[in-house]
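Please open the structure in your viewer and keep the selection tool at hand. The stops below say what to select next and what is there.

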Amino acid sequence: MHGEYKVPGGKLVVVDLDTEDGRLRHVRVAGDFFLEPDDAIEAIDRALEGAPADTDAAGLAARIEAALPPGTVMYGLSAEGVAIAVRRALARATDWTDYDWQLIHSAPESPALHMALDEVITTEVAAGLRPPTLRVWEWAAPAVVIGSFQSLRNEVDPEGAERHGITVVRRISGGGAMFIEPGNTITYSLSVPDSLVKGLTFADSYAYLDDWVLGALGDMGITAWYQPLNDIATDAGKIAGAAQKRIVSGTGAVLHHVTMAYDIDADKMLDVLRIGREKLSDKGTRSAKKRVDPLRRQTGLPRETVIERMIDSFRGRYGLTTGKVTDEEMARARELAATKFATPEWTARVP
């Protein structure tokens with residue numbers, strides 16, 4: 001069995017192993033990480049050899065930590081990262097490069113249709129009817145997108161939304177409200193087979209699926225990192241928020257979508273969103289305006305250029321073929337938008 005895991009912000013860990021009588025055998029750990037002293041790698045292998053195959057990642061990491069020689073230094077590597085690679089090997093997880101990725105970057109669409117496209121495309125991936133897909137959104141109208149389980153009245157000021165012509169929609173994933181203005185927002189979705197995140201905890205899957213965009217931002221001179229559970233942050237503030245939905249039909253798929261602030265009208269946002277003091281204090285800030293640091297200020301690049309560089313970065317890592325939403329997918333999405341995502345019943349399902 002073979003498993004790979006790129007430690008977020010670190011290096012690639014590769015594990016090859018067998019199982020015999022429910023235990024790990026012939027374990028070999030490798031990768032492009034740095035490790036001192038030399039014999040620490042042998043200590044890691046020995047620590048894993050013979051471990052029960054149903055040991056969770058925390059248990060495997062504890063075995064590794066206990067076996068490391070005194071003074072061991074890991075760079076780009078962690079005991080947890082090795083343990084996750086083991087779990088991915090046992091789960092027969094796939095890797096990014098195992099797939100022919102497709103890009104969808106098309107004309108602006110309405111907020112409700114974007115919600116529907118996410119559901120339709122991810123369901124198609126789960127059914128094996130379309131390849132894993134990176135979809136970059138273009139917005140036809142400003143919007144507030146609330147999480148699947150958020151209270152509509154607690155999150156949105158209806159008078160403010162009406163005053164600014166803001167459409168309110170509810171997505172299928174959890175998480176918090178996102179304030180969207182077409183020229184100020186960069187949004188993308190990853191619709192991936194469940195096998196890509198096998199062996200990862202729910203939290204680890206966020207970091208794993210965000211890693212490529214951290215690299216893309218780094219190429220633009222932005223030092224960014226994953227901030228649990230679902231933020232992408234820099235020293236100057238948050239620049240993006242992610243959310244996920246698991247599709248259990250077919251062989252399973254994961255929808256991972258991210259909204260990034262290219263620019264922001266903070267006064268308008270505060271006029272539309274009801275951001276409570278408790279939420280702000282939890283983030284360690286005193287003002288909602290300070291919570292987000294837009295990409296426009298950090299890069300000095302036009303929005304279109306930022307998107308182009310993100311796409312180029314993904315293509316350089318994993319390959320990417322330009323595709324489109326099929327006629328059948330679009331027809332299903334339009335129907336779903338009309339019967340679900342644009343309806344008051346769905347939007348106010350949590351009043």
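**A helix with a paired aspartate and arginine**

Begin by selecting R315, which is partly exposed, with a relative accessible area of 32%; buried here means under 20% relative accessible area, exposed means over 50%, and partly exposed lies in between, with a 1.4 Å probe and protein chains only as cover. The model is a predicted one, in which local features need pLDDT of at least 70 and side-chain atom pairs count only at pLDDT 80 or more, while totals for chains, interfaces and linings use all residues. Residues are numbered from 1 along each chain as its sequence is written, and side-chain values use heavy atoms, with hydrogens and water left out.

Now add D312, which is also partly exposed, at a relative accessible area of 39%. D312 and R315 both belong to helix α11 (residues 303-318), where they sit three residues apart, about one turn of the helix; helices are DSSP runs (H or I) of at least four residues and strands are DSSP runs (E) of at least two, each numbered from the N terminus. The two side chains form a salt bridge whose closest N and O atoms are 3.2 Å apart, the term being used for a side-chain nitrogen of Lys or Arg within 4 Å of a carboxyl oxygen of Asp or Glu.

**Other salt bridges**

Across the whole structure, a search finds 13 salt bridges. To see one of them, select K268 and E181, whose side chains meet with 2.8 Å from N to O. This pair links distant parts of the chain, since K268 is in helix α8 (residues 266-272) and E181 is in the loop between β10 (178-180) and β11, 87 residues apart. E181 is buried, with a relative accessible area of 12%.

Next select D231 and K238, which meet in a salt bridge of 3.4 Å from N to O; D231 is buried, at a relative accessible area of 6%.

**A buried aspartate without a partner**

Move on to D210, which you will find in helix α7. Which side chain of opposite charge is nearest to D210? That side chain is K238, 11 Å away, and D210 is buried yet has no salt bridge; for these charges, Lys and Arg count as positive and Asp and Glu as negative, while His and the chain ends are not counted. Leaving aside residues up to four places away in sequence, D210 touches Y188, Y226, I232, A242, H256 and V258, where contact means heavy atoms within 4.5 Å.

**A valine in a loop**

Select V197 in the loop between β11 (185-193) and α7 (202-219). Is V197 buried or exposed? V197 is buried, with a relative accessible area of 4%. Its contacts, not counting residues up to four places away in sequence, are R88, S205, Y208, L209, R246 and V254. If you add Y5, which is 192 residues from V197 along the chain, the C-alpha atoms of the two are separated by 10.0 Å.

**Helix α1**

Select helix α1 (residues 40-48), in which A40, A43, I44, D45, A47 and L48 are buried. Showing the surroundings brings in what covers these buried residues, including β3 (23-31), β4 (34-36), α2 (57-67), β5 (73-75) and α3 (79-90). Just after α1, stop at G50, which takes a positive phi of about 85°.

**Last stop, in a strand**

Finish with D18, which has its place in strand β2 (residues 12-20) and is partly exposed, with a relative accessible area of 35%.
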